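Colleague: I'm new to reading structures, and I'd like a close look at a single part of this one. Could you pick a spot and walk me through what surrounds it?

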Amino acid sequence: MDAKLVNPFVDALKTVLPQMGFPEPERKAIGVKAKTASSLGVSVIVGFTKSIRGNVVYNMSEDTAKFIASTMMMGMPVDEFNDMAQSAISEMSNMLTANAATNLAGMGFEVDISTPSMTIGENFQIKISDDQYLTVGMDIGGHELEIDIAVSTQ
């Protein structure tokens, strides 16, 4: 995977989240992993097609998901990860991925994205790639969001 394809995703977080009332996200770690990721509790998978192919996974704990949902709902308390909170996380994933796709288009790539698919539960494996993928740990106001990126150019 080409490392230059990571920046459009990090830039999307740094652009979109502050517009929704979140503190400025900070990149904490970047690494390479093989094939699968362990779910942290809530994972949203979005696929890419056309000249960019692959997947991105937004992986977070349920507490982080509730924090994000609460912030997106103007501070409304989110005590359980119910349908409304799940919808907020899916919408955030859509917004981040659409912004990343726009960033990739600005680099000359033709990109389509799939509808997000959410999984809930801890410690199960999510196959992201047939090979290696890049993972970026982001801190959002003391809450960790892991972005697992397995995209390549065609």
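**A close look around T71**

Modeller: Sure, let's start with T71, which sits in helix α2, the stretch covering residues 62-72. Keep in mind that this is a predicted model. T71 has a relative accessible area of 17%, and it counts as buried because that value is under the 20% cut-off. Its side chain reaches back to F67, coming to 3.0 Å from the backbone oxygen there. If you skip residues up to four places away in sequence, T71 touches M20, G21 and F22.

For a contrast, hop over to another threonine, T49, in strand β1 (residues 26-50). T49 is partly exposed, with a relative accessible area of 36%. Leaving out residues up to four places away in sequence, T49 touches E110, V111 and D112. Take V111: along the sequence it is 62 residues from T49, yet their C-alpha atoms are 6.0 Å apart in space.

Now back to helix α2 and the wider picture. The largest nonpolar core has 42 residues, and F9, L13, Y58 and M60 have the most contacts inside it. Helix α2 is among the elements that give two or more residues to this core, and so is β1. The top contributor is α3, with eight residues. As for F9, its contacts beyond four places in sequence are F48, V56, Y58, A100, L104, I149 and V151. There's also a second, separate core, made of six residues, including A37, I126, I128 and A150.

Note on methods: Residues numbered from 1 in each chain as written. Predicted model: local features only at pLDDT ≥ 70, side-chain atom pairs only at ≥ 80, totals over all residues. Heavy atoms only, no water. Helix = DSSP H or I, 4+ residues; strand = E, 2+ residues; numbered from the N terminus. Buried < 20%, exposed > 50% of the residue type's maximum accessible area, 1.4 Å probe, protein only. Polar contact = N/O pair within 3.5 Å; in protein donor to acceptor, adjacent residues only side chain to side chain. Contact = heavy atoms within 4.5 Å. Core = buried A, V, L, I, M, F, W, Y, C linked by side-chain atoms within 4.5 Å.
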